Amino acid sequence: MAHFIDRRLNSKGKSTVNRQRFLRRYKKQIKGSVADAIGQRSVTDVDSGESITIPKRDVSEPVFHTGKGGVRDMVHPGNDQFTRGDRIERPEDNEGGGGSGQGDASDQGEGQDEFSFQISKDEYLDLLFDDLELPNLKKTQYNKVVQYETYRAGYQTDGNPANLDIVRSLKGSVARRIALTAGKKRAIKEAQQKIAAFKADTHEHPIEIAALELEIEALQQRIKRVPFIDTFDLRFKNYDKRPIPTSKAVMFCLMDVSGSMDQATKEVAKRFYILLYLFLTRNYKDVDVVYIRHHTQAKEVDEQEFFYSQETGGTIVSSALKLMDQIVQERYDSQEWNIYAAQASDGDNWADDSPTCGELLRKALLPYTRYYAYIEITTRSHQSLWREYESVAQSNGNFAMKHIQDPQDIFPIFRELFKKEQAKQTEG
Amino acid sequence: MPLDNVTPKPSPQQAPEGMLSDGPDWTFDLLSQYEKEIDRVAKLYKLDIYPNQIEIITAEQMMDAYASIGMPINYTHWSFGKKFISTEQGYRRGQMGLAYEIVINSDPCISYLMEENTITMQALVMAHACYGHNSFFKGNYLFKTWTDASSIIDYLVFAKKYIADCEEKYGIEDVESVLDSCHALMNYGVDRYKRPSKISMAEERARQTQRAEYLQSQINDLWRTLPKEHTEKKVKEVRFPSEPQENILYFIEKNAPLLEPWQRELVRIVRKVSQYFYPQKQTQVMNEGWACFWHYHILNHLYDEGKVSDSFIMEFLHSHTSVVSQPEYNSPYYSGINPYALGFAMFMDIKRMCTEPTEEDYEHMPDIAGKDWLETVHFAMQNFKDESFISQFLSPKVMRDFKLFAVHDDEQKTYIEVSAIHDEMGYRQIREKLSAQYNLSNLEPNIQVYNVDMRGDRSLTLRYVPHNKIPLGESRHEVLKHLHRLWGFDVKIEEEQTDGSVKTLARCPNEFT
């Protein structure tokens with residue numbers, strides 16, 4: 001009689017460990033492949049997995065096998081035209097018409113030159129953001145504690161009746177009563193034994209017995225006077241608050257949508273924003289994104305409008321900075337939120353406006369912003385805004401600026417902006 | 001799927017008394033009903049089996065099983081991950097289907113059925129794997145001698161744990177590199193002529209520590225090369241090993257001077273696993289042929305008894321026919337001889353020769369023609385491997401049915417030549433050549449441990465003896481690197497040429513000196 005077992009509910013990922021081993025072993029190659037891919041990737045599917053290709057020779061497992069040549073005899077089925085002694089031109093591809101299905105021939109035959117496979121979104125992002133970190137995150141955790149959680153922290157002798165721990169209090173009461181009455185009970189017992197001894201004696205001892213009984217009486221009175229429960233016994237649950245690092249972040253996307261920003265430039269900016277967004281979601285549970293676009297005026301918009309609506313006009317960058325400051329004041333208390341900002345622009349600005357921007361950044365925005373990244377997407381030479389920002393960058397550690405010339409630069413620059421602190425230091 | 005099944009659940013026609021439902025969906029209840037019937041019929045045909053343990057798994061679990069060389073449990077290694085990834089890729093893209101079943105040579109015999117199968121397929125698979133393969137594992141002499149069905153799972157549990165412990169102790173990378181090297185030599189971790197001893201997990205564990213210590217002391221002794229000055233013995237030119245060793249991994253395990261005890265144990269584990277699969281490589285045609293022969297007979301028997309419906313048997317025949325079909329040499333689907341087709345045809349023909357012998361059969365197969373067919377097929381299953389099975393039982397009729405022809409390919413010539421076809425003059429030759437085609441020692445390069453320079457640089461020499469002048473593939477350079485890692489000193493491989501001279505094919509390290 002056979003024994004049936006339903007294994008369908010067993011864990012599926014029996015090979016997960018092996019798969020991870022494989023990924024780990026080829027991390028270098030896979031990372032290279034990921035870095036290549038990000039350049040060509042369409043913006044919308046950055047959130048999905050990635051197909052990885054590794055040269056086959058890197059993953060091969062060599063074994064001894066026979067090479068081409070020599071003398072071989074093969075038997076094939078389906079003879080439709082041959083008789084003994086027929087001579088046939090040797091087929092080009094594989095010697096003698098293939099193997100016997102043992103697979104020796106295919107080891108060197110056409111085969112695939114590349115080993116390609118899919119990695120999941122998570123694996124992809126892990127690789128993508130490997131050794132990157134959010135700048136100044138430590139500061140948030142240790143210095144700017146903004147949220148508290150309440151937790152049980154033992155007992156205290158004083159407190160709110162609602163927090164009274166009855167079991168604990170009664171335990172105290174029992175202990176106290178035992179402690180206070182044990183000696184007296186022992187004395188009573190001794191007295192009773194004496195009485196019994198007197199009574200058992202052949203002589204009468206009425207006086208002694210009476211005295212002892214009085215003594216017992218007194219002791220019993222004293223035992224009675226020990227209270228069942230005393231304020232001394234009461235124990236209250238103690239609650240304490242401890243700080244937890246905030247896990248809320250808001251990301252401001254600022255973009256210039258003036259006439260000089262064409263769709264291609266915006267695409268580049270979008271990719272950068274998506275990378276930033278993905279990166280933030282890996283570090284914070286909730287990430288709010290605020291889109292601010294500006295030409296001569298700034299406006300808070302939704303994603304669709306941010307990336308795709310067409311605008312023309314001049315450029316006043318400070319309008320966007322002002323709006324951001326205003327939104328922060330209204331909705332995002334910097335005690336509570338980690339504020340990140342990324343600004344993309346082609347570098348155009350009204351010359352008169354640039355010093356205002358610098359001023360706004362230094363005075364208003366940078367003090368509460370964790371990290372402010374400015375990317376300039378242009379192939380032309382830098383203008384007044386870049387120079388103004390350069391001076392800001394020199395005096396502020398949480399301000400970074402980079403120059404992107406074409407889409408291939410995005411990922412490397414992104415990596416540079418968020419490289420781990422240690423790595424940066426050892427390099428610098 | 002029939003297109004007219006538009007209604008959600010077409011009410012099946014009232015099945016006649018005793019007929020099993022033909023699904024198409026299966027339930028555990030129905031499975032065990034079928035299993036009971038199959039079991040009953042199998043007993044009529046005297047199939048002797050290990051107890052069956054039938055497990056239902058999903059497609060993804062099937063891929064897991066593929067990745068760990070079909071075993072329900074195996075140690076951790078990146079190459080299994082690679083296998084899994086490529087299987088998954090192939091399956092996702094629809095380039096390959098998954099097997100309907102995997103069966104493991106163990107006691108009890110574990111078979112995996114995929115949940116996607118219809119009841120007909122499940123019945124087919126049960127007859128094929130749980131009775132066909134199972135009885136083959138239990139009956140065939142190679143499996144009886146070389147593998148121990150009752151201990152393999154235990155052994156793999158031991159191996160997995162041991163390797164995991166090693167990883168913890170010595171680091172994943174160190175363990176992995178030793179395993180990589182062993183895998184490269186896995187095909188040379190097999191005793192071809194010497195029977196391995198059976199061993200259970202408990203014994204294995206108990207003996208492991210002891211063995212490690214003992215081995216290490218032996219090694220040190222072997223390499224004690226400090227000259228003893230007072231006994232100036234004359235240096236005899238002894239070769240070590242005294243005879244060439246075909247089991248390279250065994251030689252490494254016992255003699256590699258620099259391996260730690262745990263590394264030796266890893267070599268041993270890989271070697272044992274390789275040994276376990278050795279019979280399967282040699283009995284592909286027979287094993288599949290036998291299983292097909294029996295699923296065909298058992299299910300037809302049930303049909304004849306009226307136990308299964310017409311639609312059941314039609315679906316079964318459809319699957320069966322595609323499994324045992326043999327594409328012709330010029331078909332785009334041709335990839336060598338299909339072991340299912342050849343094996344099935346041969347077993348069917350053995351039965352035919354017994355029940356309806358012709359003149360020709362009496363002439364070519366006098367031992368078989370007209371005998372009791374059930375006894376004859378059991379005898380064939382028990383006492384042969386592919387190579388000998390073909391040379392013994394391949395009848396002219398099967399050769400004609402397959403239209404077999406032999407091609408002679410000599411590199412020296414500009415053409416290839418048809419050396420024999422399925423005619424009176426060619427039968428013997430074709431049988432001989434096809435049999436040789438399944439001779440493992442013709443398929444795998446013949447490489448043996450030839451010498452160790454014990455008094456000099458301790459270098460290890462392998463010797464390749466070419467078969468039919470077929471040269472050794474390029475991968476030898478890579479494999480030698482792995483061998484070098486295990487041996488710890490120089491290694492080289494040389495080829496014994498037809499004129500008796502010896503040519504060095506590769507060395508590691510310093511390839512070019």
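In which sense do β1(A) and β1(B) pair, and over how many bridges? I would like to start there this morning, and please keep in mind throughout that what we are looking at is a predicted model. The answer is that β1(A) and β1(B) run in the parallel sense, and four bridges hold the pairing. One position to find on the screen is A:H3, whose bridge partner in β1(B) is B:Q53.

That pairing belongs to an open sheet of four strands, which follow one another in the order β1(A)-β1(B)-β3(B)-β2(B), and the pairing across the sheet is mixed. At the edges stand β1 of chain A, residues 3-6, and β2 of chain B, residues 101-104; each has a single partner strand, so one side of each is left without a neighbour in the sheet. If direction is ignored, neighbouring strands here are turned against each other by 20 degrees on average.

Staying with the sheet, strand β1 of chain B, residues 52-57, is joined to strand β3 of chain B, residues 109-114, by six bridges, and these two strands run parallel. You can follow the register from B:N52, which stands opposite B:C109 in β3(B), to B:I57, whose bridge partner in β3(B) is B:M114. As for how covered β1(B) is, five of its six residues are buried, so I would call this strand mostly covered.

Which helix packs on this sheet? In the model it is helix α4 of chain B, residues 119-139, which touches β1, β2 and β3 of chain B and whose direction makes about 160 degrees with that of β3(B).

Let me step back to the contact between the chains, which takes 79 residues from chain B and 56 residues from chain A. On the side of chain B that touches chain A, the largest share, nine residues, comes from helix α3 of chain B, residues 78-92. The residues on that side of chain B divide into 36 nonpolar, 26 polar and 17 charged.

For chain B as a whole, the secondary structure comes to 20 helices and nine strands, and buried residues make up 44% of its 513 residues. Of the contacts in chain B with a separation of 6 or more, 72% are between residues 24 or more positions apart.

Now to chain A, beginning with helix α9, residues 263-283, which has 21 residues and reaches 30 Å from its first C-alpha to its last, close to the 30 Å expected at 1.5 Å a residue. Its buried residues include A:V268, A:F272, A:L275, A:L276 and A:F279, and also the charged side chains of A:K266, A:K270 and A:R271. Among the elements of chain A that cover the buried residues of this helix are β8 (248-256), α10 (303-308), β11 (338-345) and α14 (410-417).

Two single residues of chain A make a useful pair to look at, and I will take A:H295 before A:K241. A:H295 lies in the loop between β9 (286-294) and β10 (298-301) of chain A. Is A:H295 buried or exposed? With 22 C-beta neighbours inside 10 Å, A:H295 counts as buried, because the cut-off for that is 20 or more. Leaving aside its neighbours within four places in sequence, A:H295 is in contact with A:V257, A:S258, A:E311, A:G313, A:G314 and A:T315; of these, A:G313 is 18 residues away in sequence and 6.1 Å away in space, C-alpha to C-alpha.

A:K241, by contrast, is found in strand β7 of chain A, residues 236-244, and with 11 C-beta neighbours inside 10 Å it counts as exposed. Beyond its neighbours within four places in sequence, A:K241 is in contact with A:Y148, A:E149 and A:T150, and A:Y148 is 93 residues away in sequence although the two C-alpha atoms are 5.9 Å apart in space.

I will end with confidence in chain A, where the mean pLDDT is 78 and 82% of the residues reach 70 or more. Among the elements of chain A, helix α7, residues 166-200, has the highest mean pLDDT, 90, while helix α4 of chain A, residues 104-108, has the lowest, 36. There are also stretches to read with care: pLDDT stays under 50 over residues 138-145 of chain A, for which the model has eight contacts beyond four places in sequence, and likewise under 50 over residues 423-428 of chain A, for which the model has two such contacts.

Methods
Residues are numbered from 1 along each chain as its sequence is written. Chains are lettered from A and ligands numbered from 1 in the order in which they are written. This is a predicted model: local features need pLDDT of at least 70, side-chain atom pairs count only at pLDDT 80 or more; totals for chains, interfaces and linings use all residues. Two strands pair if DSSP finds at least two bridges between them. Axes are lines fitted to C-alpha atoms, for helices over the stretch in contact, and angles run from 0 to 180 degrees between N-to-C directions. Two residues are in contact if their C-beta atoms, placed from the backbone, lie within 7 Å. A residue is buried if 20 or more other C-beta atoms lie within 10 Å of its own, exposed if 12 or fewer, and partly exposed in between; C-beta atoms are placed from the backbone. pLDDT is the predictor's confidence in each residue, from 0 to 100. The expected span of a helix is 1.5 Å times one less than its number of residues.
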